[in-house]
Amino acid sequence: MTFTRPTILAGVSLAALLALTACNNNEAQAPEAAPADVMAPVAAEPMVGGAAMSPTDTIVTNAAKASNLTTLVSAVQTAGLVDTLNGPGPYTVFAPDNAAFQKLPSATVDSLMAPAGKADLTKILTYHVVPGRLTAADIAAQATASGGTATLTTVQGESLKVSAGPNGTWIITDAKGGTSTITQADVAQSNGMVHVIDTVLMP
């Protein structure tokens with residue numbers, strides 16, 4: 001089964017990644033409010049989908065608590081990746097939320113979740129996983145060192161490119177040229193790091 005980017009309603013869910021530097025304004029005037037930086041450090045147990053994410057729990061255990069990651073968890077179970085993502089890792093996961101999957105045609109999702117679609121589903125899911133524990137600061141540093149774009153090799157084998165977007169956001173570009181925005185960064189796990197995104201990435 002082959003999926004092309006046009007099957008995805010392009011646009012944005014796996015959102016904003018880090019403002020690289022903050023500029024001080026020394027002018028004697030009231031400063032403008034800075035845009036929210038989703039890549040900034042977060043609480044020890046950040047809330048995702050209304051649930052606290054414990055840094056002592058694994059990627060799948062935490063994701064199963066989040067009301068906005070239920071489709072992702074179901075997909076991981078269908079693909080047989082639970083043991084892998086509950087393993088020692090570490091892994092960095094760009095996690096599409098439920099709204100991201102809703103951008104895909106329902107027939108595409110149904111096909112991927114069927115037994116015959118397991119291989120394609122596994123390919124897509126592992127394209128959202130990067131070996132190692134990468135924080136927002138790590139990704140920003142790689143981007144800075146590489147002229148503005150960090151290139152990350154996924155477990156699936158192909159690469160993702162992460163670069164700064166407008167208003168302090170960070171954008172992930174997939175192999176088909178589609179983009180996703182990091183909406184919540186640095187959700188620490190016992191076996192890695194999760195960054196929530198708003199669009200499913202396609203290898």
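Strands E6 and E7 run antiparallel, with 4 bridges joining them. This is a predicted model, and the E6–E7 pair is a handy way into it. Ser-163 sits across from Ile-171 of E7. The two strands make a hairpin with 5 residues between them, and Asn-167 in the turn has a positive phi of about 55°.

Now the other neighbour of E6. Strand E5 (residues 149-153) also runs antiparallel to E6 (residues 159-164), this time through 5 bridges. Here Thr-149 stands opposite Ser-163, the residue that faces Ile-171 on the E7 side. The E5–E6 hairpin has 5 residues between its strands too, and Gly-157 takes a positive phi near 115° there.

Back in E7 (residues 170-173), look at Trp-170. With a relative accessible area of 1%, Trp-170 counts as buried. Ile-182 lies 12 residues away from Trp-170 in sequence, but their C-alpha atoms are 6.1 Å apart in space.

Then there's helix H2 (residues 70-79), where Leu-72, Val-73, Ala-75, Val-76 and Ala-79 are buried. They share one side of H2, because they cover an arc of only 160° around the axis. That fits the usual α-helix pattern: at 3.6 residues a turn, residues three or four places apart point the same way. The cover over the buried residues of H2 includes strand E3 (91-96) and several helices, among them H1 (59-63), H5 (106-113) and H6 (118-126). Just past the end of H2, Gly-80 has a positive phi.

Here are the positive phi values side by side:

| Residue | Place | Phi |
|---|---|---|
| Gly-80 | just after H2 | about 75° |
| Gly-157 | hairpin of E5 and E6 | near 115° |
| Asn-167 | turn of E6 and E7 | about 55° |

How values were computed: Residues numbered from 1 in each chain as written. Predicted model: local features only at pLDDT ≥ 70, side-chain atom pairs only at ≥ 80, totals over all residues. Heavy atoms only, no water. Buried < 20%, exposed > 50% of the residue type's maximum accessible area, 1.4 Å probe, protein only. Arc of directions from axis to C-beta. Contact = heavy atoms within 4.5 Å. Pairing = 2+ DSSP bridges.
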